[in-house]
Amino acid sequence: MWDPCGRGGPSQATDMWVSSKGLTTVEQPNPAAKSQLSMGRSRRSYARLLLLGFLLLRFSWCLAVADDGGGAEEGGGIFPVVVSTWPFREAVRAAWEVVSASGGAGCSAVDAVVAGCSACEVLRCDGTVGPGGSPDENGETTLDALIMDGTTMEIGAVAAMRYVKDGIRAAKLVMDHTEHTLLVGEKATSFAISMGLAGPADLSSPESIGKWTIWRQNHCQPNFWKNVVPAGSCGPYNAIDVPSGECKASAKRVLERTQGDICQGLFEPNNLLEPMNSRLKIVNRHNHDTISMAVIDKMGRIAAGTSTNGATFKIPGRVGDGPIPGSSAYADDEVVESMRRGMEPRDAAMDAILRIARKYPDFVGAVFAINKKGVHAGACHGWTFQYSVRNSSMQDVEVITVSP
């Protein structure tokens with residue numbers, strides 16, 4: 001049987017824990033190095049920060065902070081702490097059960113993140129985590145996942161993994177048993193199965209196939225293609241050059257001649273040649289999201305992870321921010337840039353959001369931050385965001401709403 005504290009091999013079962021362009025800050029340490037900082041390095045007094053973000057596309061501003069709910073007290077009594085994106089209460093409870101285990105130091109932050117994300121995979125949180133959701137253009141579900149140890153700076157990740165249901169456990173196997181950071185596609189599948197995870201298995205569900213069938217009947221609209229023909233139906237697609245200025249009218253005549261009524265309104269706002277706007281038609285929390293989780297264990301060690309089945313109707317092979325270190329999640333026992341400069345979680349979260357919005361004004365996303373005292377805060381851009389928290393001062397999981 002699989003041991004949540006990592007003392008045994010992976011289980012063949014996939015339902016052990018049933019009990020839910022990304023964000024990065026500038027000038028971070030390069031997380032691709034598997035072991036940049038040694039286990040024996042001295043602990044500095046810098047605040048710890050975990051940033052977990054995810055990107056959609058819209059606009060407006062909002063911020064929420066919860067100092068008291070986050071356990072902003074001095075001393076060691078606040079640990080452990082579990083924080084997760086969205087109101088994925090069962091996932092946080094699963095992580096809490098592991099990290100708060102009685103006796104000694106309990107399980108590690110890494111083990112708790114794996115347990116929490118695994119619970120979300122089994123529960124198919126929002127249809128965007130684990131098997132059975134987010135079919136791609138071919139109707140297939142694939143998984144992305146990442147785990148990062150903030151003490152050793154080690155990372156493991158899988159992307160576009162087929163036929164294996166345990167995304168986060170596969171990511172941990174990459175971290176524990178290879179010198180690599182990321183494995184992708186069918187080779188990630190082969191690796192995961194060779195290391196003891198169950199598979200091959202069909203990751204589709206009646207719901208995902210039904211959603212895909214309806215989408216096909218709607219001429220594969222909307223989708224993630226741009227600057228292609230045919231513009232209003234299913235592929236295969238052929239590339240076209242997208243002119244600007246005075247050449248645009250000529251391109252419009254060509255498309256209307258070759259595609260007929262399909263191209264009516266093609267050059268109007270919110271059309272298929274305007275990717276920022278057209279993506280708004282298909283991107284929301286329930287078809288393009290993930291679970292991102294951060295844990296501080298009883299010893300003050302930090303870990304972070306993500307698990308997702310990606311964007312619904314994505315082009316096969318697409319990899320989003322989920323398995324990319326520093327985009328969906330990042331953990332460091334000592335410091336991440338803004339907190340190193342002395343920022344509180346409130347300011348660090350907003351600073352990170354501002355950096356993205358300056359370059360991508362139509363960005364929709366959110367971030368939460370937690371420091372070494374357990375103070376947590378969230379900031380968002382373009383939507384109402386929620387995250388879930390549990391620490392030693394709480395009787396159960398609490399959900400924090402970040403409102404516009």
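**Exercise 1. State which residue follows helix H5 and describe the sign of its phi.**

Solution. Helix H5 is followed by His219, which has a positive phi near 65°. Helices (H or I, at least four residues) and strands (E, at least two) are DSSP runs, numbered from the N terminus. H5 spans residues 206–217, which is 12 residues. From first C-alpha to last, H5 reaches 16 Å, close to the 16 Å expected at 1.5 Å a residue; the expected span is 1.5 Å times one less than the number of residues.

The model is predicted: local features need pLDDT of at least 70, side-chain atom pairs count only at pLDDT 80 or more, and totals for chains, interfaces and linings use all residues. Residues are numbered from 1 along each chain as its sequence is written, and side-chain values use heavy atoms, with hydrogens and water left out.

**Exercise 2. Determine how many disulfides the structure holds, and characterise each.**

Solution. Step one is the count: there are 2 disulfides, a disulfide being a pair of cysteine sulfur atoms within 2.5 Å.

Step two concerns Cys220 and Cys234, joined with an S to S distance of 1.9 Å. The link of Cys220 and Cys234 is right-handed, with 90° about the S-S bond. Cys220 lies in the loop between H5 and strand E7 (228–229), and Cys234 in the loop between E7 and strand E8 (238–239), so the pair ties together parts that are 14 residues apart in sequence. Both Cys220 and Cys234 are buried, where buried means under 20% relative accessible area, exposed over 50%, and partly exposed in between (1.4 Å probe, protein chains only).

Step three concerns Cys120 and Cys125, whose sulfur atoms are 2.2 Å apart. Their disulfide is left-handed because the torsion about the S-S bond is about -120°. Cys120 is buried at a relative accessible area of 0%, and Cys125 is buried at 6%.

**Exercise 3. Explain why Cys117 is not bonded to Cys120.**

Solution. The closest cysteine sulfur to that of Cys117 is in Cys120, at 7.1 Å, which is too far for a bond. Cys117 is itself buried, with a relative accessible area of 0%.

**Exercise 4. Establish whether the faces of strand E10 are covered or open, and identify its pairing partners.**

Solution. First, the burial: E10 covers residues 302–308, and 7 of its 7 residues are buried. One side carries Ile302, Ala304, Thr306 and Thr308, the other Ala303, Gly305 and Ser307. Both faces are therefore covered, as in each set every residue named is buried.Second, the pairing, which requires that DSSP finds at least two bridges between two strands. Strand E4 (residues 143–149) pairs with E10 in the antiparallel sense over 6 bridges, and Leu146 has Thr306 as its bridge partner in E10. E9 also pairs with E10 in the antiparallel sense over 6 bridges, with Met293 opposite Gly305. Third, the connection: E9 and E10 form a hairpin with 5 residues between them, and Gly300 in the turn has a positive phi of about 85°.

**Exercise 5. Describe where Thr290 lies and what it touches.**

Solution. The UniProt annotation "active site", from an unreviewed entry, covers Thr290; UniProt positions are given in the numbering used here, feature names are shortened, and annotations may be inferred rather than shown by experiment. Thr290 is placed in the loop between helix H7 (275–278) and strand E9 (291–296). Thr290 counts as buried because its relative accessibility is 5%.

Not counting residues up to four places away in sequence, Thr290 touches residues including Thr85, Trp86, Phe88, Thr306, Ser307 and Thr308, a contact being heavy atoms within 4.5 Å. The side chain of Thr290 reaches the backbone oxygen of Ser307 at 2.7 Å.

Methods: A polar contact is a pair of N or O atoms within 3.5 Å; within protein, one must be able to donate a hydrogen and the other to accept it, and residues adjacent in sequence count only if both atoms are side-chain atoms.
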